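The following exercises concern the packing of two helices, the surroundings of a ligand and the setting of a single residue. Please study the structure before reading the solutions.

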Amino acid sequence: MRGGLWLVTGASRGLGREIAAGLVRRACRVLAVARDPHALAALHAEAGDAILPCPLDLADSQALSRGLAAVIDTHGPFDGVVNNAGIGSYRPFLDHGEMALLELLQVNLGAVMQICHALLPGMLARGRGHIVNIGSDLGRRPLAKMAPYVASKHGLAGFSHSLLREFKGAGIRVSLVQPGLIDTGFGGRKPGDIDPTQCLATADLAQIVLDLIDAPASLVIDELTVHPLGQTDF
Ligand SMILES: NC(=O)c1ccc[n+]([C@@H]2O[C@H](COP(=O)([O-])OP(=O)(O)OC[C@H]3O[C@@H](n4cnc5c(N)ncnc54)[C@H](OP(=O)(O)O)[C@@H]3O)[C@@H](O)[C@H]2O)c1
């Protein structure tokens with residue numbers, strides 16, 4: 001779909017930044033959500049006034065609730081949302097603090113539900129809308145030392161598929177993208193840290209997400225799994 005108002009979480013860097021910039025190139029206005037106001041300002045400077053920076057901490061459910069009410073009030077109904085922000089780290093389960101476990105669940109899953117809950121009424125009133133959730137191939141398989149992240153992404157998969165079945169008849173598309181490793185700064189890495197044959201280029205994956213958004217409005221791609229060809233351990 002070209003044009004319209006979109007919300008993209010995790011727009012300050014990595015995959016979300018590429019998707020936000022790509023939506024602007026498709027004539028969309030993008031409410032860009034992340035914590036880092038400087039990175040959002042840099043995106044605005046680079047991509048232009050179609051980027052509406054919105055510094056918010058998705059881990060703070062009450063602030064998110066207030067922030068969503070304010071942006072809907074100011075900017076009106078949204079045509080789509082890319083729930084992209086996510087956190088996780090590779091470490092033994094018992095090395096996660098209790099608060100860190102709750103924060104991970106809130107950012108990766110709770111905030112997605114809050115955003116869908118806030119945006120869906122406006123979409124339903126117009127009989128159209130597209131919710132794109134960025135999961136992980138770890139939403140389809142187990143991995144030791146990533147149990148909390150794997151749990152959140154399995155939850156996101158169940159949420160996406162169930163939401164689609166509830167709202168499809170009302171014109172709402174829900175798509176889940178499940179990537180393998182991506183060349184971003186996720187989990188404390190730096191872009192360029194991983195052998196390029198073992199990870200997806202961020203721009204390539206963003207293009208796939210944008211193509212999924214551009215698919216004819218008469219169909220929905222409910223799930224797309226994307227792996228680097230060199231990744232053989234899944
Ligand atoms: N990289 C991979 O290998 C990989 C593989 C499969 C799936 N994924 C998924 O792909 C998505 C994008 O990941 P990425 O690789 O682009 O990660 P990234 O480079 O670490 O970027 C994460 C984004 O999420 C935002 N974010 C994190 N915590 C937040 C919070 N509390 N409130 C608001 N925003 C928050 C960050 O912005 P601020 O820090 O400015 O808040 C940043 O913009 C995630 O859902 C991830 O689970 C990643």
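Axes are lines fitted to C-alpha atoms, for helices over the stretch in contact, and angles run from 0 to 180 degrees between N-to-C directions. Helices (H or I, at least four residues) and strands (E, at least two) are DSSP runs, numbered from the N terminus. The model is predicted: local features need pLDDT of at least 70, side-chain atom pairs count only at pLDDT 80 or more, and totals for chains, interfaces and linings use all residues. Residues are numbered from 1 along each chain as its sequence is written.

**Exercise 1.** Determine how H1 and H6 pack.

*Solution.* Step one: the axes of H1 and helix H6 (residues 202–214) lie 9 Å apart, at an angle of about 50°. Step two: H1 is therefore oblique to H6, since angles under 35 degrees count as roughly parallel, over 145 as roughly antiparallel, 65 to 115 as roughly perpendicular and the rest as oblique.

**Exercise 2.** Describe the shell around the ligand.

*Solution.* Step one: 28 residues surround the ligand, each with its C-beta atom, placed from the backbone, within 6 Å of it. The closest are Gly-10, Gly-14, Arg-35, Asp-36 and Gly-86. Step two: helix H1 (residues 14–25) gives the largest share, 3 residues.

**Exercise 3.** Is Ala-42 buried or exposed?

*Solution.* Step one: Ala-42 belongs to helix H2 (residues 37–47). Step two: 16 other C-beta atoms lie within 10 Å, so Ala-42 is partly exposed (buried means 20 or more, exposed 12 or fewer, partly exposed in between, with C-beta atoms placed from the backbone). Step three: the C-alpha atoms of Ala-42 and Pro-196 are 27 Å apart, with their positions 154 residues apart along the chain.

Technical notes: Ala, Val, Leu, Ile, Met, Phe, Trp, Tyr, Cys and Pro count as nonpolar, Asp, Glu, Lys and Arg as charged, and the others, Gly among them, as polar.
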